[in-house]
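Visitor: I should like to request a close look at a single part of this structure, namely one charged residue and the surroundings in which it sits. Please proceed from that residue outward.

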Amino acid sequence: QVQLVETGGGLMQAGGSLRLSCAASERTFSNYAMGWFRQAAGKERELLARISRSGGSTYYADSVKGRFTISRDNAKNTVYLQMNSLKLEDTAVYYCAAGSSPLISRYDYWGQGTQVTVSS
C-alpha cells in the first residue's frame, strides 16, 4: 500500500506561483508513474500532468501546458508540481496519484488532496 501526502496548497493571487509536493511512503516509489489531478467544485476530476518512473517522460494537459511543471526526486520519494501564472480557474483540490499501469489515466493510489485557491 502506497500512502501519498500532498502539501503546498493555499491561497494565491492570480499571476502568482505555488509548488505542490507529494511525498510517498513507499521505498519503491520509482516503480510508479506519478500524476497530478485536480477537481474543481461541480466539475469532473482532470488529469493535469504525469511523469514516468524515471522522470524522463512527461505529459501535460492543454489547460496547464507551459504554466505547470511536473518533476520528481526518486531519492526523496517525492513528486512536485510547480504552478506558475496561476489563473482563477486553477482553483481546485489537487491530488497526486501513483500508477503501475502504462495507461496515463490509470492509477492505483491517491493522496487526500490539497486545496489551491486563486484570487483576483
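Guide: Arg38 is buried, with a relative accessible area of 7%. The model under discussion is predicted, and the account below starts from this arginine and moves outward.

Arg38 lies in strand E4 and Asp90 in the loop between E8 and E9, so the pair ties together parts that stand 52 residues apart in sequence. The contact itself is a salt bridge between the two side chains, with an N to O distance of 2.8 Å. Both partners, Arg38 and Asp90, are buried. Arg38 also meets the side chain of Glu46 in a salt bridge, at 3.0 Å from N to O. Glu46, by contrast with the buried arginine, counts as partly exposed, because its relative accessibility is 27% and the buried class ends under 20%.

Asp90 in turn forms a salt bridge with the side chain of Arg67, at 2.7 Å from N to O. Arg67 belongs to the loop between strand E6 (58-60) and E7, while Asp90 belongs to the loop between E8 and E9, so this pair ties together parts 23 residues apart in sequence. Arg67 is buried, as is Asp90. Through shared partners, the salt bridges join Arg38, Glu46, Arg67 and Asp90 into one network. The structure as a whole holds four salt bridges.

The strand that carries Arg38 deserves attention next. Strand E4 is largely enclosed by the rest of the structure, because six of its seven residues are buried. E4 runs antiparallel to E9, and seven bridges join the two; within this pairing, Trp36 has Cys96 of E9 as its bridge partner. E4 also runs antiparallel to E5, here through five bridges, and in that pairing Gly35 has Arg50 of E5 as its bridge partner. The hairpin of E4 and E5 has six residues between the strands, and in it Gly42 takes a positive phi near 75 degrees.

E4 also contributes to the nonpolar interior. The largest nonpolar core has 29 residues, and those with the most contacts inside it are Leu4, Met34, Leu81, Met83 and Tyr94. Among the elements that give two or more residues to this core are strand E4 (33-39), strand E5 (46-51), strand E7 (68-73) and strand E9 (92-99). A second, separate core of five residues includes Phe37, Tyr95, Ala97 and Tyr107. In soluble globular proteins, nonpolar side chains tend to be buried together. Setting aside residues up to four places away in sequence, Met34 touches a set of residues that includes Leu4, Cys22, Phe29, Ile51, Ile70 and Val79, and also the two arginines Arg50 and Arg72.

Those two arginines offer a contrast with the network around Arg38. Arg50 is found in strand E5. Arg50 is buried yet has no salt bridge, and the nearest side chain of opposite charge, that of Asp108, is 8.4 Å away. A polar atom of the Arg50 side chain does, however, lie 3.0 Å from the backbone oxygen of Ser101.

Arg72, for its part, has its place in strand E7. Arg72 is buried, with a relative accessible area of 13%. Arg72 likewise lacks a salt bridge, and the nearest side chain of opposite charge, that of Asp73, is 8.2 Å away. Its side chain instead takes part in several polar interactions: a polar atom of Arg72 lies 2.8 Å from the backbone oxygen of Tyr32, the side chain of Arg72 reaches the backbone oxygen of Ser52 at 2.8 Å, and a polar contact of 2.7 Å joins the side chains of Arg72 and Asn74.

In summary, Arg38 is joined with Glu46, Arg67 and Asp90 in one salt-bridge network, whereas Arg50 is buried without a salt bridge and so is Arg72.

Methods. Residues numbered from 1 in each chain as written. Predicted model: local features only at pLDDT ≥ 70, side-chain atom pairs only at ≥ 80, totals over all residues. Heavy atoms only, no water. Core = buried A, V, L, I, M, F, W, Y, C linked by side-chain atoms within 4.5 Å. Buried < 20%, exposed > 50% of the residue type's maximum accessible area, 1.4 Å probe, protein only. Helix = DSSP H or I, 4+ residues; strand = E, 2+ residues; numbered from the N terminus. Contact = heavy atoms within 4.5 Å. Lys, Arg positive; Asp, Glu negative; His and termini not counted. Polar contact = N/O pair within 3.5 Å; in protein donor to acceptor, adjacent residues only side chain to side chain. Pairing = 2+ DSSP bridges.
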